[in-house]
Amino acid sequence: MTKIYFLLAILSFALFAQAQDDVYPAKEYKGLLFITNGTVHVGNGQVTDNATIEINNGKIVRVGTNIAVPQGDVKVFDAKGKQVYPGLILPQSDLGLKEISGSVRGSNDYRELGDLNPNIRSIVAYNAASSMINVLKANGILLAGTVPQGGTISGSSSVVQLDAWNWEDAAYATDNGMHINLPSFAAPRRSGAAPPTPAQPEDIAQKTLEKIEEIKNFFREARAYLQEATHAATNLKLEAVKGLFDKTQKLFVHAGQVKQMLVAIDFVKEFEFDVVIVGGEESWQIAPLLKENNIAVILNAEHNLPSTEDEDFDQPFKTPAVLQNAGVLFALNDDASNARYRNLAFNAGTAAAYGLSKEEALSAITLNAAEILGIAGKTGSIEAGKDANIVISEGDILDMRTSIITHAFIQGREVNLASKQTQLYERYMRKYGFK
Amino acid sequence: MKKLIFSWFCCAVMSGVYAQQTFPVNGVADERSGTYIFTHATIVKDAQTTLQNASLLIQKGKIIAVGNDIAVPKDAIVVDCKGKYIIPSFIDLYSDYGIPAPRRSGGGFSYSAPAQLTSNTKGAYGWNQAIKADADAAALFEADNDKAKNFRDIGFGTVLTHRKDGIARGTGTLVTLADKKENLVIVKEKASAHYSFSKGTSTQSYPTSLMGAIALLRQSYLDAAWYKSNPTAEGVNLSLQAWNNNQQLPQVFDAGDKWADIRADRIGDEFGVQYIIKGGGNEYQRIKEIAATKAAFILPVNYPHAMDVEDPDNARLVSLNDLKHWEMAPVNAAAFEKAGIIFCLTPADLNDPKQFLPNIRKAIDNGLSEQKALEALTKTPATLLGVYDKVGSIEAGKLANFLIASGPIFKEQSIVYQNWVQGEKYTVQDAEWNDIKGIYTLVLHSGKGDINYTIDVKNARAANIINTDTLPVKFSFNGKLVSLGFKPNKKSKSVIRLSGVVNDDSSWKGNGADADGNSLLWTALFSKTTTIKPDTAAVQQDLPMAKITYPFGSYGWDELPKQETLLFKSAAVWTSEAEGNLENTDVLVKDGKIVRIGKNISNVSGAKIIDATGKYLTAGIIDEHSHIATVSINEGAQSVTSEVRIGDNLNPDDINIYRQLAGGVTASHILHGSANTIGGQTQLIKLRWGADDEGLKFKNADPFIKFALGENVKRTTSPANNRFPDTRMGVEQVLTDAFQRAVDYENALKKASVATGKKKQAANPFAAVRRDLELDALVEIMHKKRFITCHSYVQSEITYTMRVAEKFGFRINTFTHILEGYKVADKMKAHGANVSTFADWFGYKMEVADAIAYNAAIMQKMGLNVCINSDDAEMARRLNQEAAKTVKYGGVTEEEAWKMVTINPAKALHVDDRTGSIKTGKDADLVLWSNNPLSIYAKPEKTIVDGTVYFDLEHDLQLRRTIAEERNRIIQKMTAEKKSGTPVAAFKPSTYITLSCRDDHGDEDEQNNMQ
């Protein structure tokens, strides 16, 4: 069995035996495409065996078991024995903004100076040729949120599709998220040798509340400003949050602590923003409250240690199940920078091992993510009317043991799954004469 | 003997030897004998002997006689102590009284700051600024009466003081707390020598870590011994000279924590020194191990305060460990007494010295005997310093250092009136020297005639007026003067104000003003005594107390688990051996070993049968590259630190041990970090959760050492690196130079040990050659007695490191990380290295730009022994999944993939004859999985080390409940304490340690780049 996988893998590399600069974005495909005989995981919980997907000009037309493939000029991809999934969505990342962090400063464009930067837009700095992108694609990730960091208001994020020549090409949803970072309510837990935190915890909480008031004031002023038809002095920062008030933009609140999340609820109450919590380590403690206030959560990393030594060793693993059971809309993210987010599917796999069903776990990296990012109208599931963003795997995509991605389609284009990694693999297999 | 000494002193003092001194007198000489006799006292001579109705005679600061039949000398001032207690005053061995505070000026190692590579101390001193053996407390000492008073007031008369700064801290001096010229209060000029693990104000980079501090101490012992031979190359070294001179003194080590105590003791054992160890107050948690040190201890009594944990979000951040310690800290001294360990008590770590006696009382309420408490404050410290002939009890010839109190010293109601030091009286609180408690009849003589009141005097500060109403009196009494202010009745708005004196016959007289402001005279007479309420201590006893578990924090064991006879029935057994994966197979475990593997094993008496149908039994995972369970990881101050040892600073309480057992790990190779080219010696451990540090060690395994190459060791992210090397070119030279020096060192040793002279005896080479711990380790490498695991990434450095090794005749045992290993797999194969890598890491720093997930597969095809390691406390819990990725990337077979986390690392670590596979006769290090172990859905249900079940999914659920209950109980108790009005400390999150390759580094962004 493993030999077969291996052969398939080799075959797909042989098709694209170029240097990475020659791993071209796929050409637009006009016309009909049928993906037949696969087990289709819709993304909304449903699974259909032996199904056919009909795609026209990059959009899904129909999905079903009784779809006849017409004769003539159509492209057919036989997915017999394979698992067919919606393209995975990495909701929050520094993709295309951070190439080599730390040691090569010149390759970094993810953190701007200043505290209130709502006018900063990540999309304009997105490097569609980043060497990370092809690796992610080969792991089934076809769409990603690219998010600015730093300051209290970091700016707006966009969603990109991962097979593009440039950022305008890549833009899938532009400036659809505004990001704020809430200050901490508690002194950080220091590790053994670090110097003690000087401020008393009460001071920290007090300072945090003051800071939050400052953020709220910013939004209050913006609301007032935006009610004017014309301005004596145009304020780019205030202009930049217009989308939050007219609901074309969601507010992504980066928060992990219970108290931070309660503040996020407050933002909903005062400004009626669409609020998404990013991080949410402690969200399991207030899941019903989040549900009640219609707040969605992006859990940043399944593969984390518990946040205290007394906590259950598997707490981060089972947090998704708590949110699922409470009816909270949530997505899973992968922020493990050592593997640069290629393991998104396995974050979902862990959630499936600890309480979610496999299809629920899949939704957490497809349809739920699309809903949270405001792109569920055109992607996130294999349903009629949506873009044909589709991944095909030999086996269960959530389990590294079987997750071998053979093909992927973005907007109906079959994309190249080669990367610098596969090319170097091939190069050295050749050097040593290995087959 | 005693009598002899006594009579000699009598002669000496009584016959009027007059004291001479060098200091000129400005005025008329005023020499007095200071002869006092204290009569009718209860005299506690020492913890064993108490005399009733006895007398104490002192003169010129010394005790002349003590006993029941002492004649009152004519020149003596008589102090009647009827009803009072005389107790030897206390001795503190851990003071810095009168020592100027050392100046603090930063220091330490940071990846982004320049290093200070040499000492800033000017003069003919040693190379390391933290070795301050030359510090002489007697020379530094300046008497300070204000500070002395703080300690006299809590019962101390004598303290051993030293400068608490540095790893070697020089000598301590024993002084009394008398308000006299320094010359006269020093009891013993050099009374002790002091050490610690903390470099204090030293700004020199080395050592940055605990293991570095330990290595520095060990090397200093060796250097000092070598210095005795006056080596020319060293010239005069005042630090080593002082070190040598200090050796005959009692040696005191400030360790400050249960595990640190044991670490300190081991250093002592190595060099034939028995330290007196200053503990941290948590020793009761491991009292057996503490007793095994055979050391005497100095114990602080700074119990943690109840914290404000009403806010549940805050309470979450306080660990069960800290909650339990809050409850149990007062049992520490009692645990020492019960274990028969010699100990003293010190107020040293208290923020408020006034808490000292109350905290001693808490210790007594928690099982410490009063006798032992007194001994710990008197005889024991005196004996440890060899000055029991001078202080520590009330005996003729000793210094007249004693307390006069209203009752037994440790009773809550007792008041210390006076503290006599060197025959001089210091008042503590002698307002009530004459007991004024009782009912008095107060008579106001006003123009309107006499008015009577009854007063109930509680103490010198509190009294009530008992008439129609019982009302509090604003009352004060200072031993002579008394003042009272009270309302005549509840309704009255005005106050009667009185002041006066108390005469020796207990009658009070004075003047004052009545409620209308008319002046009056008044008297008061004692009428009867009142009953004293019992100590509060006895009342608040029977609350439930936390249990000692192993480890002490959450998920600890009530009792350490034992080896079992286990029979796994019908498992899918993945052997990691040539036999491969066996279906439906039984495995028998007995006495810690795998005894039988086969079908239908039955009739094993006493075996616990585990139905493993549908489950998978494998060897435990071995993590070749881990940083858990240690206190420090990097000694980064120098490029070569082969002298430091991870094994010196293991932390058996690290919760990550338990978490990784829950991920199926049974053994971990704990590596030094990657801050420098030649890092420290590593430690292979088995995850025996609950064991002590020695118990964790994988015994009789080949020793290893960590090397590192590339970005981290050339400190790429530092904008101000001044530590050689700054390039890979330099790294190669660091390696070559280190081994060249090791060759020269070994040659010198050989030459020095050649038999010479007539006797033809082999010489001790270390008499002539300085024993160098750093080079010793390198010599071991060259002799294949120590093996290298080398952090490495790119092909250039991998290749040159092999070439340097080959030049010096050894091999690199393991290349770890090795993400460009696929580029030089053939070369590594030819060299004979093992490789240990990450499954799919890439893109986190420049030197992994060419990292590929197919690396392991290519290296495996080349025939290299490939391991998959974690280098990450979280990922170590999922190494099975990481192994599975080699199937995904490059098509390794499942069987071979599984070996990469079991038998392959065992081979790389030279323990494959003992662990890493399921084979008869091997250690029973096993995991029972719920599913195919390479699947993300697989969970360890049981993890077994040496045939002992250390993790069990069912047991874990039980522990979770226990932890929740216990946390809740203690949090409720703390909260009740707050509600009762007891002052509580602000909430403070517990500290915990999860270290990575570059430990203790704040910038998360960079942290990810330094694997």
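Me: Which elements do the buried residues of H20(B) pack against?
Reply: Keep in mind that this is a predicted model. The buried residues of H20(B) are Glu797(B), Ile798(B), Thr801(B), Met802(B), Val804(B) and Ala805(B). Their packing partners, two helices and two strands of chain B, are H17 (728-753), E35 (787-792), E36 (814-817) and H21 (825-831).

Me: Where do the buried residues of H20(B) sit, seen down its axis?
Reply: The buried set runs from Glu797(B) to Ala805(B). Seen down the axis of H20(B), these residues fall within an arc of 160 degrees, so they line one face of the helix.

Me: And which exposed residues are on the face of H20(B) turned away from its buried side?
Reply: For this one, look across the helix from Ile798(B) and Met802(B), which are among its buried residues. The face turned away from them carries Glu806(B) and Lys807(B).

Me: How far apart are the end C-alpha atoms of H20(B)?
Reply: H20(B) covers residues 795-807, which is 13 residues. At 1.5 Å a residue it should span 18 Å, and the model agrees with that: the ends are 18 Å apart.

Me: What phi does Gly809(B) take, positive or negative?
Reply: Gly809(B) comes just after H20(B). Its phi is about 80 degrees, so to speak on the plus side: positive.

Me: Which strands are at the edges of the open sheet of 8 strands in chain B?
Reply: The order is E6-E7-E8-E9-E10-E11-E12-E13, with mixed pairing. An edge strand pairs on one side only, and that holds for E6 (90-95) and E13 (343-346).

Me: In which sense do E9(B) and E10(B) pair, parallel or antiparallel?
Reply: E9 spans residues 186-196 and E10 residues 251-254 of chain B. Ala193(B) stands opposite Gln251(B) in E10(B). The two strands share 4 bridges, and the sense is parallel.

Me: At what angle does H11(B) run to E12(B)?
Reply: H11 (residues 332-339) lies across E12 (296-300) and E13 of chain B. E13(B) is one of the edge strands of the sheet. Relative to E12(B), the helix runs at about 160 degrees.

Me: Which element gives the most to the side of chain A that touches chain B?
Reply: Here 55 residues of chain A are in contact with 69 residues of chain B. Elements giving two or more residues to chain A's side include H1 (2-15), H4 (201-227) and H13 (420-432). By class, that side has 26 nonpolar, 17 polar and 12 charged residues. The top contributor, with 6 residues, is H13(A).

Note on methods: Residues numbered from 1 in each chain as written. Chains lettered and ligands numbered in written order. Predicted model: local features only at pLDDT ≥ 70, side-chain atom pairs only at ≥ 80, totals over all residues. Expected span 1.5 Å × (residues − 1). Buried ≥ 20, exposed ≤ 12 C-beta atoms within 10 Å, placed from the backbone. Arc of directions from axis to C-beta. Contact = placed C-beta atoms within 7 Å. Nonpolar A, V, L, I, M, F, W, Y, C, P; charged D, E, K, R; others polar. Pairing = 2+ DSSP bridges. Axes fitted to C-alpha atoms, helices over the stretch in contact; angles between N-to-C directions.
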